[in-house]
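Please read this report with the model open beside it, and look up each residue as it is named. The text moves from burial to charged pairs, then to backbone angles, the surface and a pocket.

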Amino acid sequence: AFEISRSEVTVAQYRVCVNAGSCTPPHWDDGTCFVFAGHTWARGALPEPLRAPSHPVVCVDWHQARAFAEWVGARLPSEAEWEYAARSEGKAMQPWGAATADCGQAIMSDGGKGCGEEGTWPVCSKRAGTTAQCLCDMIGNVWEWVEDLWHPEYYESTPRDGSAMVVHADYYPQPQGMGGAPRVARGCSWGDIAKVCRATTRLRRSPKLSFDYVGFR
């Protein structure tokens with residue numbers, strides 16, 4: 001048994017931690033966050049609409065996400081916990097059942113046909129996509145940092161007790177300056193198409209980088 005946040009952490013919630021001095025500001029304006037630039041992602045300032053208080057906070061790296069979790073007396077979920085929650089206690093392939101994600105269930109991309117807005121939405125906007133336990137945006141809106149280090153054979157090696165996958169950093173050869181062993185994000189985002197938006201999809205990213213499509217729960 002474990003508890004997990006009903007929604008992705010919002011801009012407003014994260015701001016409280018910053019104002020308390022326990023979190024550092026998101027990388028909105030320092031030129032380090034990767035933001036959508038029309039056809040690809042490049043370092044730049046986060047567009048104003050994505051800074052709205054009810055939207056999931058983005059442009060936070062893994063270390064910032066973990067600091068917030070510790071500040072509220074919690075921790076980031078493990079990959080196993082995250083997937084178990086996203087699959088309605090492991091009883092379905094997706095939060096809502098077996099069907100492929102669509103615009104009524106997830107904030108995602110459909111190639112410009114009207115599904116998304118090339119950015120985040122307020123959390124819990126797609127009620128049809130909630131899990132049986134009423135967790136929202138487990139699929140879509142933003143990817144979510146989890147505790148685990150990246151492991152290419154996760155399903156063959158995941159700890160049976162549901163804890164995070166933590167192995168020695170030397171397992172992962174990294175180019176100098178990339179910020180150490182990669183961490184994992186789950187859940188897909190507003191920039192992904194339906195075939196990517198599955199409860200089993202995994203994203204590998206450096207813990208020191210930040211993106212306009214990655215937040216946390």
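## Buried and exposed

A residue is called buried when its relative accessible area is under 20%, exposed when that area is over 50%, and partly exposed in between. The model shown here is a predicted one, and every value in this report is computed from it. With a relative accessible area of 58%, glutamate 48 is therefore exposed, because the limit for that word is over 50%.

## Arginine 51 and its partners

Which residue forms a salt bridge with glutamate 48? The partner is arginine 51, and the closest N and O atoms of the two are 4.0 Å apart. Arginine 51 also meets the side chain of aspartate 29 in a salt bridge, where the N to O distance is 2.6 Å. This second pair links distant parts of the chain, since arginine 51 sits in the loop between β2 (41–43) and α2 (62–71), while aspartate 29 sits in the loop between α1 and β1 (34–36), 22 residues apart.

Are these residues buried or exposed? Arginine 51 has a relative accessible area of 14%, so this residue is buried, whereas aspartate 29 reaches 57% and therefore counts as exposed. The bridge at 2.6 Å thus joins arginine 51 to aspartate 29, with a buried residue on one side and an exposed residue on the other.

## A network of salt bridges

The count of salt bridges comes to ten. In one of them, the side chains of glutamate 79 and arginine 202 meet at 2.9 Å, N to O. Here too the pair links distant parts of the chain, for glutamate 79 belongs to helix α3 (residues 79–86) and arginine 202 to strand β5 (residues 202–205), 123 residues apart. Both glutamate 79 and arginine 202 are buried.

Salt bridges that share partners join Glu79, Glu83, Arg87, Arg186 and Arg202 into one network. When you follow this network in the model, it may help to begin at the pair of glutamate 79 and arginine 202.

## The loop between β2 and α2

Cysteine 59 is placed in the loop between β2 and α2, and its relative accessible area of 0% means that cysteine 59 is buried. Most residues other than glycine have a negative phi. Cysteine 59, although it is not a glycine, has a positive phi of about 60 degrees.

Valine 58 lies in the loop between β2 and α2 as well, and this valine counts as buried because its relative accessibility is 0%. Between the C-alpha atoms of valine 58 and threonine 40 there is a separation of 17 Å, and the two residues are 18 residues apart along the chain.

## The loop between β4 and β5

What sign does phi have at cysteine 188? It is positive, about 65 degrees, although cysteine 188 is not a glycine. Cysteine 188 lies in the loop between β4 and β5, and with a relative accessible area of 0% this cysteine is buried.

Glycine 187 lies in the loop between β4 (183–186) and β5, and since its relative accessibility is 0%, glycine 187 counts as buried. Measuring from C-alpha to C-alpha, you will find glycine 187 and aspartate 110 16 Å apart in space, while in sequence they are 77 residues apart. Threonine 201 also has its place in the loop between β4 and β5, and a relative accessible area of 12% makes threonine 201 buried. The C-alpha atoms of threonine 201 and alanine 181 are separated by 19 Å, with their positions 20 residues apart along the chain counted as the distance apart.

## A patch and a pocket

On the surface, Val16, Trp71 and Val72 make a nonpolar patch of about 260 Å². Valine 16 lies in helix α1 (residues 11–19), and because its relative accessibility is 46%, valine 16 counts as partly exposed.

The largest pocket has a volume of about 270 Å³. Its lining is made of 16 residues, and those that lie nearest its centre are Ile4, Ser5, Ala74, Arg75 and Arg217. What kinds of residue make up the lining of the largest pocket? Ten are nonpolar, two are polar and four are charged.

Methods:
Residues are numbered from 1 along each chain as its sequence is written. This is a predicted model: local features need pLDDT of at least 70, side-chain atom pairs count only at pLDDT 80 or more; totals for chains, interfaces and linings use all residues. Side-chain values use heavy atoms; hydrogens and water are left out. Patches are made of residues with over 30% relative accessible area and no salt bridge: like charges are joined within 9 Å, nonpolar side chains (Val, Leu, Ile, Met, Phe, Trp, Tyr) within 5 Å. Accessible areas come from the Shrake-Rupley method with a 1.4 Å probe; for residues, only the protein chains shown count as cover. Helices (H or I, at least four residues) and strands (E, at least two) are DSSP runs, numbered from the N terminus. Buried means under 20% relative accessible area, exposed over 50%, partly exposed in between (1.4 Å probe, protein chains only). On a 1 Å grid over the protein atoms alone, a cavity is a set of points where a 1.4 Å probe fits but cannot get out, and a pocket is an open set with protein on both sides within 12 Å along at least five of seven lines; lining residues have an atom within 4 Å of a point. Grid points are joined across faces, edges and corners, and a volume is the space filled by probe spheres set on the points. Ala, Val, Leu, Ile, Met, Phe, Trp, Tyr, Cys and Pro count as nonpolar, Asp, Glu, Lys and Arg as charged, and the others, Gly among them, as polar.
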